[in-house]
Amino acid sequence: MDVPKPKTNHPHESTWDDHGNTKWTYVSDEAKQRIGFFLRRRLGGRNLDIGGGWYLHYPNSAVVDLSSVCLANNPAQEKVQFDLDELHNGKRLPFPDYSFDSATMISTWQYLEHPDALLDELKRVLKPGAEVYVINGQNAGREGCILGIGNTKGIAEHLQTKGFDTLIEHIPFGNDTLTFQSVCFSIPERDLFGSVSEVRDKAKRKRADERIVREPEIFEDDFINYELGIRRGLLAKLNPYPVTAYSQDFLARTEEFGKALKRAGIDAVIYAEHTPEVEVDMLLPNQHSSCFLALFDRFSGVDKYVEQRREQDDLIQTLSIAHGVFFPTNTSDLNMGSKEDLLRNCKEFDLDERNAECSLRTYADFVASVGMTSGTRRLQAQVQSILRKRASNFDEVVRRQKAFGYNMLTAQFKQERSIADLLLIKQRVERGEIPSVGQKNLDYQTYLHLMERWIRVNDCETSMGDFD
Ligand SMILES: C[S@@+](CC[C@H](N)C(=O)[O-])C[C@H]1O[C@@H](n2cnc3c(N)ncnc32)[C@H](O)[C@@H]1O
């Protein structure tokens, strides 16, 4: 998307446009999802998301942001481009009085020149008693932090000086309870004695928060169950799924390609890695995932062979060609083994050796992949049958790696899940827009409980970012 000319007078509008353009983010998707989960348990009704950027943390939100590009990428229904610093000059948000049941402000406080003007406006557009959640990483935006308050405690103290009742709650990210915190404050209501700000159920929530800080796994377990529920629902929607006519044609051509390579003296294995079979079965032209690999043992002739045919053969263009074999070897000649080397290494595999776990995962990854030629599938079966005897947990490791494929299919990345594309293809097949050759059942039930380990922060080895 082209970044448009600034529409406000704010000096940083283009910078935020740039961030919105690439959906750049300061915290990992996993952290954002946990923040969203935290909010879903607290909000109900219509929410105002202030400085929402391109990410929608709570579905029933109207989003206000400086950047039209961020807003264009935000899936919210209701979006308004607005420079919040203009509130200080008397401008008003384009919403009637008492429009919202709550407001959220995630990593935005520190960029506002005049947050106090926003507080006054919130008293107008929010219903009396509504709660506002200001969520930040700690020491967030040190450079951009205009009031010099970059952490939750400081923001809470500032809000208290303005007469708001506040409550700090923690949003664990794995075992880390310090990075993401929320300060909730309440818009004053009138009672007999005047105007009072009072956070709902404060004592009870405080106790619950203290427990979360002591045992963050309670939060993580709840999040995992919630997330697994979403994934189960999506996979159930795809079941049964249609097999596209194109996928069958593609597989037939891949088989032929493998044979042609063999005739040219090149022994290849071709497989789709980290991909459940459904992704291969539902292939469409120009919609190949990037995970098709071709591994060659005598690979010196491959480049030339592929180059000569690249122009004519769209199949070659879709394969990402890996040079050499990325399997653990017992020699120093890494990455260059032949199929015979691979089988020999499997036979000599020793669970007690250093890095054995890691090697086992690499073999399991291969076995868990979708073999795209009969020769590849034969080799996968051979590797599996040898390693089963060498490591009693091999089949379990293979299942875990298959679950990783389902995790990749259903995980949220930049607020999208790739399974959504498959659900769309299914609909198009049902409408008769795409030819299919039959249906298959998804075997996801076996893998659901194993997906959990990939969703867990400590297992998925995702890097945790911090707010800038
Ligand atoms: C760090 S991003 C956070 C975005 C989003 N809340 C999230 O958690 O992904 C800060 C957002 O505040 C918006 N913003 C900064 N200054 C603003 C202003 N004066 N008025 C409105 N929005 C502003 C930016 O455009 C940006 O989208």
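Where does Gln-110 lie?

**View 1. Gln-110 sits in a loop of this predicted model.** The loop in question runs between strand 4 and helix 4. Is Gln-110 buried or exposed? Gln-110 counts as buried because it has 27 C-beta neighbours inside 10 Å, and the cut-off for that label is 20 or more. Look for Leu-147 as well: Gln-110 and Leu-147 are 37 residues apart in sequence, yet their C-alpha atoms are 7.1 Å apart in space.

**View 2. Here is an open sheet built from seven strands.** Reading across, the order goes 3-2-1-4-5-7-6, with mixed pairing. Strand 3 (78-81) and strand 6 (166-170) are the edges, each pairing on one side only. On average, neighbouring strands in this sheet are turned by 20° against each other, ignoring direction. As a quick reminder, strands of a sheet pair through backbone hydrogen bonds, either parallel or antiparallel.

**View 3. Now for the pairing of strand 6 with strand 7.** Strand 7 covers residues 180-186, and the two strands run antiparallel, joined over five bridges. To pick out one bridge, start at Glu-169 and go across to its partner in strand 7, Ser-182. Also packed on the sheet is helix 4 (residues 115-125), which touches strand 1 (47-50), strand 4 (100-106) and strand 5 (126-137). The direction of helix 4 makes about 140° with that of strand 5.

**View 4. This one shows the largest nonpolar core, a set of 54 residues.** Ile-35, Ala-103, Val-132 and Val-134 have the most contacts inside it. Strand 5 gives this core its largest share, six residues. Zoom in on Ala-103 and, leaving aside residues up to four places away in sequence, you'll find it touching Asn-47, Leu-48, Ile-50, Leu-122, Leu-126 and Val-132. Apart from this core lies another, of 45 residues, with Ala-272, Met-282, Ala-391 and Val-398 among them. In soluble globular proteins, nonpolar side chains tend to be buried together.

**View 5. Around the ligand there are 19 residues.** Which of them come nearest? Those are Trp-16, Gly-51, Gly-53, Leu-66 and Leu-84. By type, the shell around the ligand divides into nine nonpolar, seven polar and three charged residues.

**View 6. Finally, zoom back out to the protein chain, with its 17 helices and 17 strands.** Of its 468 residues, 40% are buried. Among contacts with a separation of 6 or more, 70% are between residues 24 or more positions apart.

Terms used. Residues numbered from 1 in each chain as written. Predicted model: local features only at pLDDT ≥ 70, side-chain atom pairs only at ≥ 80, totals over all residues. Pairing = 2+ DSSP bridges. Helix = DSSP H or I, 4+ residues; strand = E, 2+ residues; numbered from the N terminus. Axes fitted to C-alpha atoms, helices over the stretch in contact; angles between N-to-C directions. Contact = placed C-beta atoms within 7 Å. Near = placed C-beta within 6 Å. Nonpolar A, V, L, I, M, F, W, Y, C, P; charged D, E, K, R; others polar. Buried ≥ 20, exposed ≤ 12 C-beta atoms within 10 Å, placed from the backbone. Core = buried A, V, L, I, M, F, W, Y, C linked by C-beta atoms within 7 Å.
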